[in-house]
Amino acid sequence: WQAKLETVGLRLGLVGNICCAFLFFPVTRGSSLLPLVGLTSEASVKYHIWLGHIVMVLFTSHGLCYVITWISTNHASMMLEWATDEIANLAGEIALLSGLLMWVTTFPRIRRKMFEFFFYTHQLYVVFLLFYLFHVGMSFYCMILPGVYLFMVDRYLRFLQSRRNVCLISARLLPSETIELNFSKSPACSYTPMSTVFINVPSISSLQWHPFTINSSSNFEPEKLSIIIKKEGSWTQQLYQKLNLPSLERLDVSVEGPYGPASVDFLRHDALVMVSGGSGITPFISIIRELMHHSTTLDVPTPTVLLICCFKTSSDLTMLDLLLPISAPSSDLLSKLPLQIQAFVTRETSPSPDTQRKPILTLWFKPHPSDFPISPVLGPNSYLWLASIISSSFAAFLLLISILTRYYIYPIESTGTTYPLMSQALLNLLFVCACIAAASSGVVLWNKKRSSMEVKQVRGLVSEMRPQSSPRSWFCNGDREFESLPSESLAQATTVHYGKRPDLKEMILGAEGSSVGVMASGPSGLRRQVAGICAASKDENVHFESISFTW
């Protein structure tokens, strides 16, 4: 039975190796083809989670089979063996332990309550991959190399993009303790609605990166990118407190992204019904701003829009003011967009007097010469440059290992001496890292040099955006010259209901049109409820899409 158990353990390890080959594809944010098939980096994370569970179950069972076999046959000392010319048992155990530490923190109850612990523990993937290579050698490692290779390219490009500070133009602070950050961006940086960026504020934590949904439109606002942050966790609370400091004139911020689907074809519908709960309204703001661009700038027909938003308190209603950008023109943006907003305040029966007295505060930051606009790390033709990085670096890697084998390893082995597999694997890994770093750095520096003139132009536009006043300026409800007319139209399009919840079935199924797109964003219970209403509908013209940003 020991021999059979060992055979089972071997088969489990081989199957786990196959599953591990697909583990890293879903988390390659910028160097994968996932957006071309309609998958965002957020949506593909769930596949990474499922594969991670499968891989760890297989590898844990693989390790247990061998441990039980060694103990039952009085060969427990094999657990500490590190063979240099075959399978290294101790290296496998170290890889398994690091994998188990990552696995334990991925379960939702731990990840959501202790996200920082989950984040820092997940950096053990470096230890896992390194000792996994030492355990199986380069031959078996080549099976998972494509996914790992793409992940390494993606990770290094993200590292290069995150090394520079971006230009933070302004911030809007809402009474609901919600923040809108407005960054300058290059016109070449285009993205679709519902895209996300990762934000790092070194003064709060130099290691923590947090994803946020973009609420601006790259077509409507070509020189600006905006995100909405709700004060919920410790990191967002520290950010909110920092922005309220009277002495703050600028804030260092680094950005990775944007990442999103290649296209969002919501214009194919005659009517759009968007249901949100709380901060789930954020992706719908980007869609509405994109529709504003189509109706005003392009002057093309747009679908009728019904926005059903649920908030806990009346202070959250100020999030509706973010539907209009801070740099909105004086003309009425909503005149050509058939928009109807049904807002529901569930925990209050009447407007709060305190909320009505609190204004929206706009804070303008002092620019710094070292700040750069947000721009694609590989320039406008990112997929062409990415293909050149992958192909050139891999060709260089093959050339280097060919030279290594022919002129260094082969002469040693021709004398009858076996070259250590671990040393060979380590040299291969070093070559992979060196080739990726050289090819990626060359392309990034080339694009940085080409875009230097564009950066100067964007900096000039940023200076024109800021009001001619002190570096730190506060405005009640923004600049009245820009926001007074659009705010009136927004109020006319909005109906507020206090102390009640929406009748979603009646409102969704009551939408008219040959094609009705229904989107839901917010708590999982809300999304399931909307999905159930659409599934139970006998109308074939209702099309449902769930938007989830749960990590």
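**Exercise 1. The whole chain**

How much area does the protein chain expose, and what share of it do carbon and sulfur atoms supply? Then describe the fold in outline.

*Solution.* Start with the surface. The protein chain exposes about 26,000 Å². Carbon and sulfur atoms supply 61% of that area. Keep in mind that this is a predicted model.

Next, count the elements. The protein chain holds 16 helices and 14 strands.

Then look at burial. Of the 551 residues, 49% are buried.

Finish with contacts. Take those with a separation of 6 or more; 81% of them join residues 24 or more positions apart.

**Exercise 2. Helix α9**

Check the length of helix α9 (residues 282-297) against the expected span. Then say how covered α9 is and what follows it.

*Solution.* Step one: α9 has 16 residues. At 1.5 Å a residue, with one less step than residues, the expected span is 22 Å.

Step two: the end C-alpha atoms of α9 are 23 Å apart, so the two values agree.

Step three: 14 of the 16 residues of α9 are buried, so the helix is mostly covered.

Step four: aspartate 299 follows α9, and its phi is positive, near 55°.

**Exercise 3. Helix α11**

Where does helix α11 bend, and by how much? Which of its residues are buried, and what covers them?

*Solution.* First, the span. α11 (residues 382-413) has 32 residues. Its first and last C-alpha atoms lie 44 Å apart, close to the expected 46 Å.

Second, the bend. α11 turns by about 40° at threonine 405.

Third, the buried side. Leu386, Ile389, Ser393, Phe397, Leu404 and Ile409 are the buried residues of α11. Their cover includes α6 (125-141), α7 (145-162) and α12 (421-450).

Fourth, the surface. Leucine 400 lies in α11. Its relative accessible area is 32%, between the 20% and 50% limits, so leucine 400 is partly exposed. Leucine 400 joins Leu399, Ile403 and Tyr407 in a nonpolar surface patch. Together the four residues have about 420 Å² of accessible area.

**Exercise 4. Cysteine 189**

Is cysteine 189 buried or exposed? Which residues does cysteine 189 touch?

*Solution.* Locate it first: cysteine 189 is in the loop between β2 (178-184) and β3 (196-200).

Apply the cut-off. Its relative accessibility is 2%, under 20%, so cysteine 189 counts as buried.

List the partners. Leaving out residues up to four places away in sequence, cysteine 189 touches Ser218, Pro258, Ile374, Ser375 and Pro376.

Now take proline 258. Cysteine 189 and proline 258 are 69 residues apart in sequence. Their C-alpha atoms are 8.4 Å apart in space.

Conventions. Residues numbered from 1 in each chain as written. Predicted model: local features only at pLDDT ≥ 70, side-chain atom pairs only at ≥ 80, totals over all residues. Heavy atoms only, no water. Helix = DSSP H or I, 4+ residues; strand = E, 2+ residues; numbered from the N terminus. Buried < 20%, exposed > 50% of the residue type's maximum accessible area, 1.4 Å probe, protein only. Bend = angle between axes of the 7 residues up to and from the residue. Contact = heavy atoms within 4.5 Å. Patch = residues over 30% accessible without salt bridge, like charges linked within 9 Å, V, L, I, M, F, W, Y side chains within 5 Å. Areas by Shrake-Rupley, 256 points an atom, 1.4 Å probe, with all protein chains shown as cover. Salt bridge = Lys/Arg side-chain N within 4 Å of Asp/Glu carboxyl O.
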